[in-house]
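Me: I would like to go through this structure with you and ask, for some of the terms used, what each one rests on.

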Amino acid sequence: MPDLSYEINRRRTFAIISHPDAGKTTLTEKLLLYGGAIQLAGSVKGKASARHAVSDWMELEKQRGISITSSVMQFEYNGYCINILDTPGHQDFSEDTYRTLMAADSAVMVIDAAKGIEPQTRKLFKICAMRHIPIFTFINKLDREARSPYDLLEELEKEFGIGTYPMNWPIGCGREFKGVYDREKREILAFQEFHSGQNRISSVEVELSDTALLDELIGPRLRQTLEDDVELVDGAGYEFDLEAVRSGLLSPVFFGSALNNFGVERFLQCFLEMTVPPLPRESGGEPVDPLTNGFSAFVFKIQANMNKAHRDRIAFMRICSGRFEREREYFHVQEGKALRLSQPQQLMASDRAIIDEAYAGDIIGVFDPGIFSIGDTVCEKNAQIRYAGIPSFAPEHFASVERIDTMKRKQFEKGITQIAQEGAIQIFHEPHTGVEEVLVGVVGVLQFEVLEYRLKTEYGVDVRRRTLPYEQIRWIASEQSDIGALNLTSDTRWVQDFRGNNLLLFTSSWCVDWALQKNPGLELREFNRND
Ligand code: G4P
């Protein structure tokens, strides 16, 4: 049997985050290429309708051309075993993305060199910063007109409050893009024109001291600018500090062009050396060592009916310690029951492979007969591990949803409950009422459309949706003996989530303040911890 510490220490599990269109899909595909995980080079989301990114799954996302769900890809490179967690870039799916970030040990942030930080980058960065995970920055599309590298770095530092360390420095951009200067190797990776359809690294390496060759390659003017830039960056920038990188305080920055496969392999090599292997995670305030605690994992994502041919529900688990073995019996902490995880799989987009073993750092998908919820822990019997729950983020849009066909009550209940268990939507009921009408809260409005689409295609239920005016949601954190007697504005609504927790829906933050002022002792919380 393979050595446990060897296997765990060679694992690298990270998420790629970006604002839509910055180049996340393109970079992911190039990385996969180095692992030999896919054969197809070149454009990912081609104009031809038949070509889709390997990480695209559902019919709906194909129609819309956006990634709704997150997928996981594993590949080997230079002795490392790499797990990439793809995250949906569309802002409406941010909650799923947040959860995926909980399963990653580090993050790669892709930024469009012409645009710099964009809204979605900002949101995702915050979650990474909250967890203090290492964040690597790939500034993409240098083959197009770009903002000044100084500007881009300053923006990252100012907005995110982190240090940046450019690992390389761009020479020109757009039509004038000549390549990058590698600060560690002290040599130039010259950009060569990339011919579409070719799958080779478009670069040559040149020493900085080779002035004659440099003048030939990039011209005397750009050579001079480069020399000045290098002097300035060496003199005025941050010192490289691996500890600061590993605690998320300093972000190594790489300039390149994913589409041209330029600077990607070097980025991958540096990233793998600098980032962290699976680190201990906390259970009850105590770290759980990945090496000495036997198997443990937590569920960070549940997805139903991923593949029409399978009609199933998959729970995605991040393994936090030990080795997973297919035939062994484990313990589902929240249910208090022993179980065997059936059909354990690793996923490569829609291709699945049944696996016999997996290690801390890996993500496995297991068949879920409807027993798992987001945040659940699975571990060895008697291990006494319970990972902290994944917070559910406050929905920002609300609607009431009811079925049109009165005969379809069962399907409606099943569908809406399952979709809520997956965490795609949150559902609420007025206390003491049935499920004729369900209040649905989502982080992004597109999720309403996904809900309707899925209820129709997967459960055969047509629904009617009415948008509700609520904007703020608060869980009641204090002990309240009589919630009905609280002094609230007339448009505030008392509801319960599917665990029976009490919440208030408000139409404005003014109403939240009113509630707090008029009801001394009332405590409200913005999100539920789900422990
Ligand atoms: P995303 O996943 O972050 O949303 O971005 P994606 O990789 O899909 O890239 C968005 C667009 O940017 C794509 O163009 C892609 O080809 C392009 N792109 C990615 N990296 C680079 C780069 O380094 N240089 C240049 N010039 N373009 C890049 P598209 O027009 O949407 O698709 P396509 O028609 O080109 O296939």
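Reply: Let us begin with the classes: Asp, Glu, Lys and Arg count as charged, while Gly is among the residues that count as polar. This is a predicted model, and in it the shell around the ligand has seven charged, eight polar and four nonpolar residues.

Me: What makes a residue part of the shell around the ligand, and which are the closest?

Reply: A residue is near the ligand if one of its heavy atoms lies within 4 Å of it; 19 residues surround the ligand, the closest being D21, T25, T26, D143 and S257. Helix α2 (residues 24-34) gives the largest share of this shell, three residues.

Me: Why is the approach of D143 to the ligand called a polar contact?

Reply: The cut-off for a pair of N or O atoms is 3.5 Å, and a polar side-chain atom of D143 lies 2.8 Å from a nitrogen atom of the ligand, so the pair qualifies as a polar contact. Of the 710 Å² of accessible area that the ligand has on its own, the protein covers 80%.

Me: Why is strand β9 described as largely enclosed?

Reply: Buried means under 20% relative accessible area, and five of the five residues of β9 (residues 187-191) are buried, so the strand is largely enclosed by the rest of the structure. Both faces are covered, with E187, L189 and F191 buried on one side and I188 and A190 on the other.

Me: How do you know that β8 and β9 pair?

Reply: Pairing requires at least two bridges, and β8 (residues 179-182) and β9 have four, in the antiparallel sense, so the two strands count as paired. V180 stands opposite L189 in β9.

Conventions: Residues are numbered from 1 along each chain as its sequence is written. This is a predicted model: local features need pLDDT of at least 70, side-chain atom pairs count only at pLDDT 80 or more; totals for chains, interfaces and linings use all residues. Side-chain values use heavy atoms; hydrogens and water are left out. A polar contact is a pair of N or O atoms within 3.5 Å; within protein, one must be able to donate a hydrogen and the other to accept it, and residues adjacent in sequence count only if both atoms are side-chain atoms. Accessible areas come from the Shrake-Rupley method with a 1.4 Å probe; for residues, only the protein chains shown count as cover. Helices (H or I, at least four residues) and strands (E, at least two) are DSSP runs, numbered from the N terminus. Buried means under 20% relative accessible area, exposed over 50%, partly exposed in between (1.4 Å probe, protein chains only).
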